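Grab a coffee and work through a few exercises on how helices and strands fit together. Try each task yourself before reading the solution.

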Amino acid sequence: MSKRNTLCAIDVGTTKVCTIVAEVNEGGLMRVAGVGLTPSTGLHKGLVVNINEAKESIRESVRKAEHASGYKIETAYVGVTGRHISARNNRGVVAITRNDRLVRSDDLKRVLQTAQSVNLSNEERLLHLIPRGYTVDGQEGVRNPVGMYGFRLDVETHVITAAISSVQNLVKCIRAVGVDIDDLVFEPLASSEAVLSDDEKEAGVILADIGGGTTDISVFKNGSIWHSAIIPVAGYQFTRDIAIGLGLPFEVAEEMKRKYGSVMPVYEGGTSDTDAIAQNGHSISYQGLCDVIRARVEELIRLIMLELPRNEMPSLVPAGLVLTGGSSNLSGIDVLGREIVRLPVRIGTPVSIHGISDVLQDPAYATSVGLLLWGLKPKSAPSWKTSMFGSNLRNLVSRIRRLFK
Ligand SMILES: Nc1ncnc2c1ncn2[C@@H]1O[C@H](COP(=O)(O)OP(=O)(O)OP(=O)(O)O)[C@@H](O)[C@H]1O
Ligand SMILES: [Mg+2]
């Protein structure tokens, strides 16, 4: 596949693997050429737990996308999530020492490098270093300082790191199916590209991607990411609670949840609250099903909101909460969200891309579509790819030094 005019995304989720191939024209417009969807195996809470199984799911998804698009996939943007990821804000500062005191793009690189020097353990590596804003000689809120005059340049960054071993397992699976990695992208960042508006990011908003194994949270303020976190509770736990609470096999509980599940006390489809619902020979009370789901979802939304100080919520995130991921399909989840959060709550469906098949118009594909959009963005700050390269280079240099010693 020619890298110049095609882009590919692979979202290896806990419940499904989604591969998308898109063509990009000279004006940067994208057209989806093919989608490959397959249920995922070998993953738990966003992490690879069985390499062979995960590899086979990815292989199948890639094969389907290649078949649908007619392209051979050689490289892809790949999503990464899980509790091994941590995020923090960090500051970098450099002096502008040249006589003309003009900030140049080299100074931007230098200041980002200083912000990168967070204390990483041997098991961690940088996934993203995202500049949130620059300060030139005390003047805050500068978006692009290049061309400005100053003595001192500061940068505020959001630093996202990941456990090397967890990421290596995922990378191994992708490479094993003959696909190289353009870059690894923290999944909530990808989802945000697909479902949040610039206005929401500017005003302040929480994005929660409630998937199968994890709920990925990112908070945006003043146009850039401000906080991120992973909660290991999502659709899988909802289904497990239904299965245990109502005495159903897991698969039946999953089908019931998808077909009838609602967090509202009264079913909009007309079933009265005393009605029994049946699936594969199992019968349960509709009200019982909704009660279990409502309790779990309510708990999860409260956990999401604990990420921010309650009394500062209206000023920090006036645009409220955007729910995405497959589990945000639960009927009434936005209404329940508004009751709890007392701020705007909406469901985030991915923006439509030209040529996109209808199947992607579902919150479950926010990350997949977002990975493609991420791939289109110009890159300036360090990422996994560059940090891998950097560390490989450092290792090489230190090995050569040792040789000469
Ligand atoms: N209509 C629906 N009603 C309720 N739940 C749904 C519905 N459709 C999908 N889900 C749930 O969404 C979850 C899958 O969401 P998604 O595809 O976003 O997860 P994933 O990306 O595979 O996993 P993760 O991002 O956690 O690794 C499953 O738990 C599934 O039960
Ligand atoms: Mg997902």
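Here come the ground rules, followed by five exercises with worked solutions.

This is a predicted model, in which local features need pLDDT of at least 70 and side-chain atom pairs count only at pLDDT 80 or more, while totals for chains, interfaces and linings use all residues. Residues are numbered from 1 along each chain as its sequence is written, chains are lettered from A and ligands numbered from 1 in the order in which they are written, and side-chain values use heavy atoms, with hydrogens and water left out.

**Exercise 1. Work out the strand order and the edges of the four-stranded open sheet.**

Step 1: Get the labels straight. Helices (H or I, at least four residues) and strands (E, at least two) are DSSP runs, numbered from the N terminus.

Step 2: Read off the order. The four strands line up as 7-10-8-9, and the pairing is antiparallel. Two strands count as a pair if DSSP finds at least two bridges between them.

Step 3: Find the edges. Strand 7 (86–95) and strand 9 (139–142) each have a single partner strand, so one side of each has no neighbour in the sheet.

Step 4: Check the twist. Neighbouring strands are turned by 35° against each other on average, direction ignored. For this and the angles below, axes are lines fitted to C-alpha atoms, for helices over the stretch in contact, and angles run from 0 to 180 degrees between N-to-C directions.

**Exercise 2. Trace how strand 8 is tied to strand 9, and find the salt bridge partner of E124.**

Step 1: Strand 8 (residues 124–136) and strand 9 run antiparallel, joined by two bridges. V136 has Q139 of strand 9 as its bridge partner.

Step 2: Look at the turn. The two strands make a hairpin with two residues between them, and D137 in that turn has a positive phi of about 50°.

Step 3: Now for E124. Its salt bridge partner is R88, with the closest N and O atoms 3.2 Å apart. A salt bridge here is a side-chain nitrogen of Lys or Arg within 4 Å of a carboxyl oxygen of Asp or Glu.

Step 4: Place the pair in the chain. E124 sits in strand 8 and R88 in strand 7, 36 residues apart, so to speak a link between distant parts of the chain. 

**Exercise 3. Lay out the five-stranded open sheet and the helices that lie across its strands.**

Step 1: The order is 14-13-12-17-18, with mixed pairing. Strand 14 (224–231) and strand 18 (345–347) are the edge strands, each pairing on one side only. From one strand to the next, the twist averages 20°.

Step 2: Zoom in on one pair. Strand 12 (residues 205–210) and strand 17 (residues 321–324) run parallel and are joined by four bridges. D209 has T324 of strand 17 as its bridge partner.

Step 3: Add the helices. Helix 4 (residues 187–195) lies across strand 12, strand 13 (215–221), strand 14, strand 17 and strand 18, at about 60° to strand 13. Helix 10 lies across strand 12, strand 17 and strand 18, at about 160° to strand 18. Contact means heavy atoms within 4.5 Å.

**Exercise 4. Classify the packing of helix 6 against helix 7 and against helix 8.**

Step 1: Learn the classes. Angles under 35 degrees count as roughly parallel, over 145 as roughly antiparallel, 65 to 115 as roughly perpendicular and the rest as oblique.

Step 2: Helix 6 (residues 235–246) and helix 7 (residues 250–260) pack at about 110°, with axes 8 Å apart. That makes the two helices roughly perpendicular to each other.

Step 3: Helix 6 and helix 8 pack at about 140°, with axes 10 Å apart. These two are therefore oblique to each other.

Step 4: Compare residue classes. The contact of helix 6 with helix 7 has six nonpolar, two polar and three charged residues. For helix 6 with helix 8, the counts are eight nonpolar, two polar and three charged. Ala, Val, Leu, Ile, Met, Phe, Trp, Tyr, Cys and Pro count as nonpolar, Asp, Glu, Lys and Arg as charged, and the others, Gly among them, as polar.

**Exercise 5. Describe how helix 8 meets helix 10.**

Step 1: The axes of helix 8 (residues 286–305) and helix 10 (residues 333–341) come within 10 Å and cross at roughly 50°. The two helices are therefore oblique to each other.

Step 2: Name the contact residues. Helix 8 brings R294, V297, E298, I301, R302 and M305, while helix 10 brings I333, L336, G337, E339, I340 and V341.

Step 3: Sort them. Seven are nonpolar, one is polar and four are charged.
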